[in-house]
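Visitor: Please take me through one corner of this chain, close up. Pick a single residue as the way in, and follow its contacts outward.

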Amino acid sequence: MIWFDASLDKPVDDEALQRGIAATLAVALESVVVIHSTAEIGTLPVTCVVEPSTADAYSQVITIYLSEPSASPDILESASRLAIALDRSMMVANDETANPYSFVHISNGGQQSVVLVDPDELDENDRYLIL
C-alpha cells in the first residue's frame, strides 16, 4: 500500500534514504529497501521507490510503500521526521484540499507550510516550482 509520495529538494542516495526511513519508522534497517522500479517491489515491510531526478529542485520523487496498512503513522508528522533525518526539505500532497497544485512544504528542520506550485510547470514539465 502506498503510504505517501514526496518530492525532495535535493537528491539523496539510496543508503541515506534507507537509514532515514528506518529511523523515521523506528524499524530495523533490514526492514527497508530502496529500489528504482515498482517491478522490484518485494515483501519487506517498507519499500521506497525512487524515480529518476534531474538537476531541478524537487525533482527526486520518492514513493514509500508499507506492507502493513494498519501500521500507517501520520503522514505529515512522519514526513517532518524524515525531512530532518535526511536534512532535506520536501513537498507532500496537501490532503486538506482538492487543489492538485497545493502541497505541504516541509523544511529540513521539520516545519510545515502550505504552498502552491506552478500548474503549467507541473503539468507540462513535471517540475515542482513553488509560486
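**Around Tyr128**

Guide: Tyr128 counts as buried, at 19% relative accessibility. That is a call close to the line, because buried means under 20% relative accessible area. Keep in mind that this is a predicted model.

Start with the rings. Searching the whole structure turns up two aromatic pairs. One joins Trp3 and Phe4: the ring centres are 4.8 Å apart and the planes stand at 65 degrees, so the pair is edge-to-face. Trp3 is buried, with 7% relative accessible area. Phe4 is buried as well, at 6%.

The other pair brings us back to Tyr128. Its partner is Phe103, and the two rings are edge-to-face. The centres are 5.4 Å apart, and the planes make an angle of 85 degrees. That angle is over 60 degrees, so the edge-to-face label follows. This contact links distant parts of the chain. Phe103 belongs to strand S6, residues 102-106. Tyr128 belongs to the segment after H3, and 25 residues separate the two. Phe103 is buried too, with a relative accessibility of 9%.

Now step back to Arg127. Here the contact is charged: the side chains of Arg127 and Glu121 form a salt bridge, 3.1 Å from N to O. How exposed are its two ends? Glu121 counts as buried, at 18% relative accessibility. Arg127 counts as partly exposed, at 30%. The pair does not stand alone. A network of salt bridges links Asp56, Glu121 and Arg127.

Helix H3 spans residues 119-125. What does H3 add to the surface? It gives the most to a patch of negative charge, with three residues. The patch gathers Asp5, Glu51, Asp120, Asp123, Glu124 and Asp126. Take Glu124 as a sample. Glu124 lies in H3, and it is exposed, with a relative accessible area of 62%.

Why is Glu121 missing from that list? A patch residue needs over 30% relative accessible area and no salt bridge. Glu121 fails the first test because its relative accessibility is 18%. Glu121 fails the second because its side chain is in a salt bridge with Arg127. Glu124 passes the area test, because 62% is over 30%.

For contrast, look at the other charged contacts. The full count is four salt bridges. One of them is between Glu15 and Arg19, at 2.9 Å from N to O. These residues sit in helix H1, residues 14-25, four residues apart, or about one turn of the helix. Glu15 is exposed, at 53% relative accessible area. Arg19 is partly exposed, at 44%.

Another bridge has a similar spacing in sequence. Glu77 meets Arg81, with the closest N and O atoms 2.8 Å apart. Helix H2, residues 75-86, holds the two, and because they are four residues apart, about one helical turn separates them. Glu77 is partly exposed, at 47%. Arg81 is also partly exposed, at 33%. Set these beside Glu121, which counts as buried at 18%.

The helices H1 and H2 are followed by loops that deserve a quick check of the backbone. Ala26 lies in the loop between H1 and strand S2 (32-35). Its phi is near 55 degrees, a positive value in a residue other than glycine. Ala26 counts as exposed, at 70% relative accessibility. Asp87 is in the loop between H2 and strand S5 (90-93). Asp87 is not a glycine, yet its phi is positive, about 55 degrees. Asp87 is partly exposed, at 45%.

One last stop leads on from strand S6, the strand of Phe103. Gly109 lies in the loop between S6 and strand S7 (112-116). Gly109 is partly exposed, with a relative accessible area of 37%. How far is Gly109 from Val12 in sequence and in space? They are 97 residues apart in sequence and 16 Å apart from C-alpha to C-alpha.

So the view around Tyr128 has three parts. Tyr128 pairs with Phe103 in an edge-to-face contact. Asp56, Glu121 and Arg127 make a network of salt bridges. H3 is the main contributor to the negative patch.

How values were computed: Residues are numbered from 1 along each chain as its sequence is written. This is a predicted model: local features need pLDDT of at least 70, side-chain atom pairs count only at pLDDT 80 or more; totals for chains, interfaces and linings use all residues. Side-chain values use heavy atoms; hydrogens and water are left out. Patches are made of residues with over 30% relative accessible area and no salt bridge: like charges are joined within 9 Å, nonpolar side chains (Val, Leu, Ile, Met, Phe, Trp, Tyr) within 5 Å. Accessible areas come from the Shrake-Rupley method with a 1.4 Å probe; for residues, only the protein chains shown count as cover. Lys and Arg count as positive and Asp and Glu as negative; His and the chain ends are not counted. The place of a charge is taken as NZ of Lys, CZ of Arg, CG of Asp or CD of Glu. Buried means under 20% relative accessible area, exposed over 50%, partly exposed in between (1.4 Å probe, protein chains only). Rings of Phe, Tyr and Trp (its six-membered ring) pair if their centres lie within 6.5 Å; planes under 30 degrees apart count as stacked, over 60 as edge-to-face and the rest as tilted.
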